[in-house]
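Work through the exercises below with the sequence and the structure open beside you. Each task is followed by a solution in steps.

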Amino acid sequence: MVEIRNSKKVGVVVSLDVAGAFDNAWWPAILKRLKSANIPHNLWHLCENYFDGRTAELEVAGSTATKRATKGCPQGSTCGPGFCNCLYDEVLQLELPVECELTAFADDLLMVAWTNDEHSLSTKVNTALKQITTWGKAVKLKFNPTKTQMIIISRRRQTPVVRVKMEGQDLETVQVIKYLGVYLDRKLKWNAHLRNVCMKADRLLSRIASVSRNCWGLNSEAIEAVYRGAIEPMVLYAAEIWYPALEYKWAKHMLNRIQRGALI
């Protein structure tokens, strides 16, 4: 994304929302994917047996309704995340248009596309999204156009107009999107991310101050333990990505405010 902004190209970042990805993971699609991966027959039959004969029950007012289950991989289960990864591996292998990439972590999908002008970019992104939604229908996963958002990355003063549709609905263009806890703004200045980090740190420091008032203050060792164990990891999360923002005085000022609050 940084390379797109530093060049004269225009790009988009699309955060794709899958409706209930883990709850709607279709077992026949998972088994088909495992078979195409040529896993050993004994392991495939073990997976088939794992899904076989599962039911879901609902009890209301003394009555129980039972239905045969055909989908769903709970996130807290031992095998669920692995099965979902097998299913999602297929979408990552789609032959998308040139200069169009997909990234996934668990059920969070992010698409980045770039080109020289906004018209060809619109065509490219719409083509890629059609491929992705077609795959979703094949495995009974539904993408939510109302929650899918995109930001436009460009160095131009006037924001390029990129028209993108999903399932017949125009995608919302926003200034900031959140992906895996990181706030991405269209200028990649990271001010939205650092502002959010400062707000979270301020709230935590405020709670610490409230507790300390009730017990005649906390000693410096306790404050340092909280700072090192809670505030510092919160601030440094994904620092490998946003550290270029430290070139700006406003970013240093924000981070210094957090340290000053802890010291006070």
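**Exercise 1. Helix 5 and its ends**

Asp117 caps helix 5 at its N-terminal end, with a side-chain oxygen 3.2 Å from the backbone nitrogen of His119. The model is a predicted one.

Task: find the span of helix 5, sort its residues into buried and exposed, and state which elements the buried ones pack against.

Solution.

Step 1. Helix 5 contains 21 residues, and the distance from its first C-alpha to its last is 30 Å, close to the 30 Å expected at 1.5 Å a residue.

Step 2. Apply the cut-off: a residue is buried under 20% relative accessible area and exposed over 50%. The buried residues of helix 5 are Leu121, Ser122, Lys124, Val125, Ala128, Leu129, Ile132, Thr133, Trp135 and Gly136.

Step 3. These residues cover an arc of only 165 degrees around the axis, which puts them on the same side of helix 5. An α-helix has 3.6 residues a turn, so residues three or four places apart point the same way.

Step 4. His119, Lys130, Lys137 and Ala138 are exposed, on the face of helix 5 turned away from its buried side.

Step 5. Strand 1, helix 4 (80-92), strand 4, strand 5 and strand 7 (165-166) are what the buried residues of helix 5 pack against.

Step 6. After helix 5 comes Lys140, with a positive phi near 60 degrees.

**Exercise 2. The sheet**

Task: give the strand order of the open sheet of 5 strands and say which strands stand at its edges.

Solution.

Step 1. The order is 4-5-1-6-9, and the pairing is mixed.

Step 2. Strand 4 (100-105) and strand 9 (172-173) each have a single partner strand, so one side of each has no neighbour in the sheet and these two stand at the edges.

Step 3. Helix 5 (residues 118-138) packs on this sheet, where it touches strand 1 (10-16), strand 4 and strand 5 (108-115). The direction of helix 5 makes about 150 degrees with that of strand 5.

Step 4. At the strand 9 edge, strand 6 (residues 149-153) pairs with strand 9 in the parallel sense over 2 bridges. Gln149 has Glu172 in strand 9 as its bridge partner.

**Exercise 3. Two residues between helix and sheet**

Task: is Lys124 buried or exposed, and what does its side chain reach?

Solution.

Step 1. Lys124 is in helix 5. Its relative accessibility is 14%, so Lys124 counts as buried.

Step 2. The side chain of Lys124 reaches the backbone oxygen of Trp114 at 3.2 Å.

Step 3. Leaving out residues up to four places away in sequence, Lys124 touches Pro97, Val98, Glu99, Cys100, Trp114 and Thr115.

Step 4. Now take Cys100 from that list. Cys100 lies in strand 4 and is buried, at a relative accessible area of 10%.

Step 5. With the same exclusion of residues up to four places away, Cys100 touches Met111, Val112, Ala113, Trp114, Lys124 and Ala128. Val112 is 12 residues from Cys100 along the chain, and their C-alpha atoms are separated by 5.8 Å.

**Exercise 4. A hairpin**

Task: describe how strand 10 (residues 176-179) pairs and where its side chains point.

Solution.

Step 1. Strand 10 pairs with strand 11 (residues 182-185) in the antiparallel sense over 4 bridges. Ile177 stands opposite Leu184 in strand 11.

Step 2. The side chains of strand 10 alternate: Ile177 and Tyr179 point to one face and are buried, while Val176 and Lys178 point to the other and are not.

Step 3. The hairpin has 2 residues between the strands, and Leu180 there takes a positive phi near 55 degrees.

Step 4. Look at Ser15, in strand 1. Ser15 has contacts with Ile177 and Lys178, among others, and counts as buried at 16% relative accessibility.

**Exercise 5. Positive phi in two loops**

Task: which is buried and which is exposed, Asn38 or Leu188?

Solution.

Step 1. Asn38 is in the loop between helix 2 (27-36) and helix 3 (41-51). Asn38 is not a glycine, yet its phi is positive, about 60 degrees.

Step 2. Leu188 is in the loop between strand 11 and helix 6 (191-214). Its phi is also positive, about 55 degrees, and Leu188 is not a glycine either.

Step 3. Asn38 has 67% relative accessibility and counts as exposed, whereas Leu188 has 12% and counts as buried.

Definitions and conventions. Residues numbered from 1 in each chain as written. Predicted model: local features only at pLDDT ≥ 70, side-chain atom pairs only at ≥ 80, totals over all residues. Heavy atoms only, no water. Pairing = 2+ DSSP bridges. Contact = heavy atoms within 4.5 Å. Axes fitted to C-alpha atoms, helices over the stretch in contact; angles between N-to-C directions. Buried < 20%, exposed > 50% of the residue type's maximum accessible area, 1.4 Å probe, protein only. Polar contact = N/O pair within 3.5 Å; in protein donor to acceptor, adjacent residues only side chain to side chain. Expected span 1.5 Å × (residues − 1). Arc of directions from axis to C-beta.
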